[in-house]
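These are my notebook entries on a single protein chain. I set down what I looked up, entry by entry.

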Amino acid sequence: MSRLLAFASAVIVLLCTGCATKVEQPVEPQTFRFRFLPPDGTEFVQKVVTKRDKIFEGLGRQTERSASKTAISIRRSEAGYVMTAKPVSLKLKRNGKPVKDPLTKLLQNTVVTYRISEGGQIQSVEGYGELADQALRSLPPESARAVAQALNEDALVARETAEWNGRIGDFAGGEFTTGQSIDAEVPFTLPNGEALTYFTTISFPGFEDCEAGSCVQVEQRYDSDAAAFGRLAGEIAKGVAGEVGGEAPSVSDSRISGSASRLIDPATMLIYAETLERTIRMTVDIPGRGLVPATLKEERRYSFDYE
């Protein structure tokens with residue numbers, strides 16, 4: 001049973017962002033502009049608490065809880081800004097027991113540098129180049145290949161860039177009005193190189209008091225292109241089967257949806273509060289078990305300690 005649960009767990013893959021808290025809308029709409037202007041020398045510690053539940057009908061449930069701290073600094077440069085993210089600590093528990101995960105250990109020792117334009121756009125992400133080689137050198141052969149694949153530099157840079165754009169880049173320089181709602185189709189490149197489309201609704205319910213004085217509440221809700229995500233999950237299932245020497249389960253009816261809520265200072269685009277939620281649902285056809293509905297639920301809560 002435990003092997004079946006682990007086998008099915010490996011089919012689930014997380015892709016990108018999302019939560020939502022309602023803020024009372026102001027009586028009179030207010031127009032504002034987002035400007036990426038963090039003060040030179042800005043430093044803060046980003047804390048993230050993550051709750052993740054994997055549920056496989058008839059097979060069981062797996063829970064993960066993690067807490068991380070990352071020291072972030074932002075400096076002016078001739079081309080714009082250089083932002084450095086240095087992991088401070090990471091604690092991970094699975095089903096209530098501490099876990100020493102090789103992938104997590106490698107990432108925890110990785111300092112990532114982001115070069116950002118004056119307009120708040122990512123120009124480059126540096127620091128992931130050696131991760132795959134480190135995995136191959138330091139891990140047992142049976143796990144090194146799978147971990148190295150997960151640490152593909154292009155995929156990690158694409159993920160970081162997409163996350164930045166969803167939080168900062170897509171809004172920088174834009175003028176909006178409280179109460180405004182925007183519907184958009186957002187392209188995203190999966191780790192397997194395939195393009196996926198997210199259907200997104202973005203709204204700005206109003207202003208709220210924050211450490212910076214007054215921040216804009218930004219809410220996002222999204223839903224994925226189910227067909228593309230299903231094809232990716234199927235490819236992962238085949239890879240998992242190859243690693244364990246078994247027959248690949250097929251994956252169908254896949255869907256990823258979620259929401260995000262952020263409190264942002266429009267004058268600097270520094271974030272002062274953030275909550276993300278997402279749910280992945282799929283049906284896994286496991287050899288010997290048949291069709292098994294699977295659900296992954298994840299919640300992330302961010303806090304920021306500015307110096």
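The entries below go from the whole chain to single contacts.

**Entry 1. Overall composition**

I note at the outset that this is a predicted model. I looked up the secondary structure and found six helices and 14 strands in the chain. I then looked up burial: 43% of the 307 residues count as buried. The accessible surface of the chain is about 15500 Å², and carbon and sulfur atoms account for 49% of that surface.

**Entry 2. The disulfide**

How many disulfides does the structure hold? I found one. The partners are cysteine 210 and cysteine 215, with their sulfur atoms 2.0 Å apart. I looked up the torsion about the S-S bond, which is 70°, and the link between cysteine 210 and cysteine 215 is right-handed.

I also checked the accessibility of each partner. Cysteine 210 has 17% relative accessibility, and it counts as buried because the limit for that class is under 20%. Cysteine 215 is at 0% and is likewise counted as buried.

**Entry 3. Positive phi outside glycine**

I searched for backbone angles that deserve a second look, because most residues other than glycine have a negative phi. Asparagine 95 has a positive phi, near 55°. I located asparagine 95 in the loop between β4 (80–94) and β5 (97–98). Its relative accessibility is 43%, so asparagine 95 counts as partly exposed.

Methionine 269 also has a positive phi, near 65°. This residue belongs to the loop between β12 (250–264) and β13 (271–286). Is methionine 269 buried or exposed? With a relative accessibility of 2%, methionine 269 counts as buried.

**Entry 4. A glycine in a loop**

I looked up glycine 129 and found it in the loop between β7 (122–126) and α3 (131–138). Glycine 129 is partly exposed, at a relative accessible area of 35%. Its C-alpha atom is 5.6 Å from that of glutamate 153, although the two residues are 24 apart along the chain.

**Entry 5. Aromatic pairs**

I counted aromatic pairs and obtained 17. One of them joins phenylalanine 171 and phenylalanine 176: the ring centres are 6.2 Å apart and the planes meet at 65°, so I record the pair as edge-to-face. Phenylalanine 171 and phenylalanine 176 are both buried.

Phenylalanine 171 also pairs with phenylalanine 204, again edge-to-face, at 6.2 Å centre to centre with 85° between the planes. What does this second pair tie together? Phenylalanine 171 is in the loop between α5 (153–169) and β8 (175–177), whereas phenylalanine 204 is in strand β10 (residues 195–210), so the pair connects parts that are 33 residues apart in sequence. Phenylalanine 204 is buried, as is phenylalanine 171. I further noted one aromatic cluster formed by Phe32, Phe34, Phe171, Phe176, Phe204 and Phe207.

**Entry 6. Charges over rings**

I looked for charged groups placed over aromatic rings. Arginine 76 lies over the face of tyrosine 81, 4.6 Å from the ring centre. Arginine 167 has its charged end over the ring of tyrosine 302, at 5.3 Å from the centre.

**Entry 7. Salt bridges**

I found 17 salt bridges in the structure. In one of these, arginine 65 is joined to aspartate 53, and the closest N and O atoms are 3.5 Å apart. Arginine 65 is in strand β3 (residues 60–77) and aspartate 53 in strand β2 (residues 42–56), so this bridge ties together parts that are 12 residues apart in sequence. Arginine 65 is partly exposed, with a relative accessible area of 35%, whereas aspartate 53 is buried, with 13%.

Arginine 167, recorded above for its place over tyrosine 302, also forms a salt bridge with glutamate 163, at 3.8 Å from N to O. The two partners, arginine 167 and glutamate 163, are about one helical turn apart because they are four residues apart in helix α5. Arginine 167 is buried, with a relative accessible area of 13%, and glutamate 163 is partly exposed at 27%.

A further bridge joins glutamate 299 and arginine 301, with their closest N and O atoms 2.9 Å apart. Arginine 301 is partly exposed, at 42% relative accessibility. Lastly, I noted a network in which salt bridges with shared partners join Arg52, Glu64, Arg94, Arg278, Glu298 and Arg300.

Definitions and conventions: Residues are numbered from 1 along each chain as its sequence is written. This is a predicted model: local features need pLDDT of at least 70, side-chain atom pairs count only at pLDDT 80 or more; totals for chains, interfaces and linings use all residues. Side-chain values use heavy atoms; hydrogens and water are left out. A disulfide is a pair of cysteine sulfur atoms within 2.5 Å. Buried means under 20% relative accessible area, exposed over 50%, partly exposed in between (1.4 Å probe, protein chains only). Helices (H or I, at least four residues) and strands (E, at least two) are DSSP runs, numbered from the N terminus. Accessible areas come from the Shrake-Rupley method with a 1.4 Å probe; for residues, only the protein chains shown count as cover. Rings of Phe, Tyr and Trp (its six-membered ring) pair if their centres lie within 6.5 Å; planes under 30 degrees apart count as stacked, over 60 as edge-to-face and the rest as tilted. A charge sits over a ring if NZ of Lys or CZ of Arg is within 6 Å of the ring centre and within 35 degrees of the ring normal. A salt bridge is a side-chain nitrogen of Lys or Arg within 4 Å of a carboxyl oxygen of Asp or Glu.
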